Each structure stands twice: as C-alpha cells, then as structure tokens.
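Here is a short set of exercises to work through with the structure open beside you. Try each task before reading its solution.

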Amino acid sequence: MLEVKNLKKCFGNNVVLKDINFKVNKGDIISIVGPSGSGKSTLLRCINMIEKPSGGNIIFEEKSLMDKNTNLSLIREKIGMVFQQFNLFPHLTVLDNITLAPIKLKLMSEDIAKKKAIELLKTIDLKDKADEYPNSLSGGQKQRVAIIRTLIMEPDIILFDEPTSALDPEMVGEVLELIKKVADTGKTMIIVSHEMNFVKKIANRILFLDEGKIMFDGKTKDFFNSDNERIKEFLSKINK
Ligand SMILES: Nc1ncnc2c1ncn2[C@@H]1O[C@H](COP(=O)(O)OP(=O)(O)O)[C@@H](O)[C@H]1O
Ligand SMILES: [Mg+2]
C-alpha cells in the first residue's frame, strides 16, 4: 500500500535520510527503531509530506506523493499521525478536537461526527471528558484522545512518533494498551518507539535506522536475536 523509494532528505548540509527504501503491506505493523537523531521522525514526517523529501519518492496506493497533481490533504486523511506531544488544540474541547477534521473536511455531518466521537470516547472510558479542555486531562488521557482523533478519520495507515515518550511512566501502559487494541483490528501501522518490550510484542517487522540509513529490515524476532554488533550495541544501551 505504501512504498518509500530512494528517499533522501537534507536540512541544508545535514543529510538526514540517505537512501531509504521499503514497502509497507496492508496489515503490517512496523516499528522503526534507532538512536536519537537517526532520522526516525523525519522519515515519518516525509511519509505524510509534513516534510518535503529532497529526493526519491513516496508512493501511496499507486499515487506518487511527489506528483504536483496529488491532493495531499486527501492523502493525509488516509495517513493518520500521532505525535509525541499529542498536538491537541488547547482552545477546543475534547469533543471538538475529535470532530474538527471530519466536520471541516465535510466527511461527516456535525451530528454524526459527534455521535461517533462519543462512541470512540466510550471505548477509552473518557466519555465524561467530552466537554472538558485538554488541559484538564492527564498526559495519558491526552494521548488516548489524540489517537481517537486519528481513528475517527478511518485512516488506512497510522504513523506513531514516540507516542509515549512525553508521558510519566505510570501512563505509558494505558496508551500502549490502546495502540495494541487498534493493532488487533488489523490496522496498518508504523510506530517509532523506544519501548522495546512493546515493540517486541506488537511489531511484525522492524526497521533499524542508523545514520540516515536502514541498517536492518526484517522480522522482529530476527532483530532481537541479531548478531550484528551495531544492533547488539543499540539494544544493550536501550535496555539499561
Ligand atoms: N526541521 C528541521 N530543520 C533542521 N534540521 C532538522 C529538522 N528536523 C530534524 N532535523 C535534524 O535531522 C536529524 C534527525 O532528526 P530526527 O528525524 O528528529 O531524528 P530522530 O527522530 O531519530 O531522533 C537531526 O540531526 C535533526 O537535528
Ligand atoms: Mg524523533
């Protein structure tokens, strides 16, 4: 469904992504792991064109995202993204945060969007918070609302950029549990995470990014059992 081809991204003289190639099939749950600064966020941001690639191509459902005629806002409806910092609008209620995009893009009537949002809030036990503002929520609650806001769009694929890194440790579990629940519905996902136990459990495939290149692309268990010195070093550091 998605193909990244010879992707290159530079910021000035800083070549962040060198020559990235991989394909995502429907139902894949791919974890991108790698040291800080290796270009993981940049890669996700290129995939939904928040960052414009410097070279190469991204092909989604047979459409090139680099093609000037491709409607990027339509593509972004289909490629959802969940950020480390939640990115909820502080001046909108929880309900309005969730319904904003589908109403604005005329995908649903206001009534339907609200009904759907309430149903989704029920699934995460936050129906009571519908009329509150994000500031009154805990970090874990904010991130779960952010995930629901993505789900209401019924994207074909969801990109998660370190969804639990900004959370207090006691809130990590509830967010990972929700991501797991969504994964179990068969949704295609790419997850950048340092939570190795979670990655091991949820991902069917690992991409290990190092110095702007993919150093490993393969099965999760092969990654964790790898003899490669660089991978072993990475795993030993992260497990400390
Ligand atoms: N908007 C930007 N402008 C300039 N440099 C950037 C920008 N975004 C990321 N970078 C640089 O790209 C490199 C990779 O960053 P990033 O993709 O955030 O890595 P990771 O998510 O793996 O920690 C870093 O050197 C970072 O400074
Ligand atoms: Mg990052």
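**Exercise 1. Two strands at the end of a sheet**

Task: Work out in which sense β9 and β10 pair, and over how many bridges.

Solution: In this predicted model, β9 and β10 are antiparallel partners joined over 6 bridges. Next, pick out one pair: Ile 206 of β9 stands opposite Gly 218 in β10. Then look at the connection, where the two strands form a hairpin with 2 residues between them. In that turn, Glu 211 has a positive phi of about 50°.

**Exercise 2. The sheet as a whole**

Task: Put the strands of the 6-stranded sheet in order and find its edges.

Solution: Start with the order, which reads β6-β7-β8-β3-β9-β10. The sheet is open and its pairing is mixed. Its edge strands are β6 (79-82) and β10 (213-219), each of which pairs on one side only. From one strand to the next, the twist averages 15°.

Now step in from the β6 edge. β6 pairs with β7 (residues 157-161) in the parallel sense, over 4 bridges. Within this pair, Gly 80 is opposite Ile 158 of β7.

**Exercise 3. Strand β3 and its two neighbours**

Task: Which strands are joined to β3 by bridges, and do they run parallel or antiparallel to β3?

Solution: On one side, 4 bridges join β3 to β8 (residues 188-192), and these two strands run parallel. Here Ile 30 has Ile 190 of β8 as its bridge partner. With β9 (residues 205-210), β3 again runs parallel, joined by 4 bridges. In this case Ser 31 stands opposite Ile 206 in β9. Ile 206 also faces Gly 218 of β10, so you can follow a path from β3 through β9 to β10 by way of these pairs.

Next, ask how covered β3 is. Of the 5 residues in β3 (residues 29-33), 5 are buried. Sort them by direction: Ile 29, Ser 31 and Val 33 point one way, while Ile 30 and Ile 32 point the other way. Side chains in a regular strand alternate between the two faces of the sheet.

**Exercise 4. The nonpolar core**

Task: Which residues of the largest nonpolar core touch the most other members?

Solution: The core has 56 residues, and those touching the most other members are Ile 32, Leu 43, Ile 47, Leu 159, Phe 160, Ile 190 and Phe 208. The element that gives the most to this core is α5, with 5 residues. Now zoom in on Ile 190, the bridge partner of Ile 30. Leaving aside residues up to four places away in sequence, Ile 190 touches Val 24, Ile 30, Ile 32, Leu 44 and Leu 159.

**Exercise 5. The second sheet**

Task: Find the order and the edges of the 4-stranded sheet.

Solution: This open sheet has the order β2-β1-β4-β5, with antiparallel pairing. Its edges are β2 and β5 (63-64), each pairing on one side only. Then take β1 (residues 2-11) and β4 (residues 55-60), which pair in the antiparallel sense over 5 bridges. Val 4 has Ile 58 of β4 as its bridge partner.

**Exercise 6. Around ligand 1**

Task: Which element gives the largest share of the shell around ligand 1?

Solution: List the surroundings first; among them are Phe 11, Asn 14, Gly 37, Lys 40 and Thr 42. The elements giving two or more residues to this shell are β2 (14-24) and α1 (40-47). The largest share, 3 residues, comes from α1. Sorted by character, the shell holds 2 nonpolar, 8 polar and 1 charged residues.

**Exercise 7. Helix α3 and a loop residue**

Task: Which residues of α3 are buried, and why does Tyr 133 count as partly exposed?

Solution: In α3 (residues 94-104), the buried residues are Val 94, Asn 97, Ile 98, Thr 99 and Pro 102. Their cover includes α4 and α5. After α3 comes Lys 106, with a positive phi near 60°.

Tyr 133 lies in the loop between α4 (110-123) and α5 (139-151). Tyr 133 counts as partly exposed because it has 16 C-beta neighbours inside 10 Å, whereas a buried residue needs 20 or more. Apart from residues up to four places away in sequence, Tyr 133 touches Pro 90 and Thr 93. Finally, its C-alpha atom is separated by 7.0 Å from that of His 91, 42 residues apart along the chain.

Notes. Residues numbered from 1 in each chain as written. Chains lettered and ligands numbered in written order. Predicted model: local features only at pLDDT ≥ 70, side-chain atom pairs only at ≥ 80, totals over all residues. Axes fitted to C-alpha atoms, helices over the stretch in contact; angles between N-to-C directions. Buried ≥ 20, exposed ≤ 12 C-beta atoms within 10 Å, placed from the backbone. Contact = placed C-beta atoms within 7 Å. Nonpolar A, V, L, I, M, F, W, Y, C, P; charged D, E, K, R; others polar. Core = buried A, V, L, I, M, F, W, Y, C linked by C-beta atoms within 7 Å.
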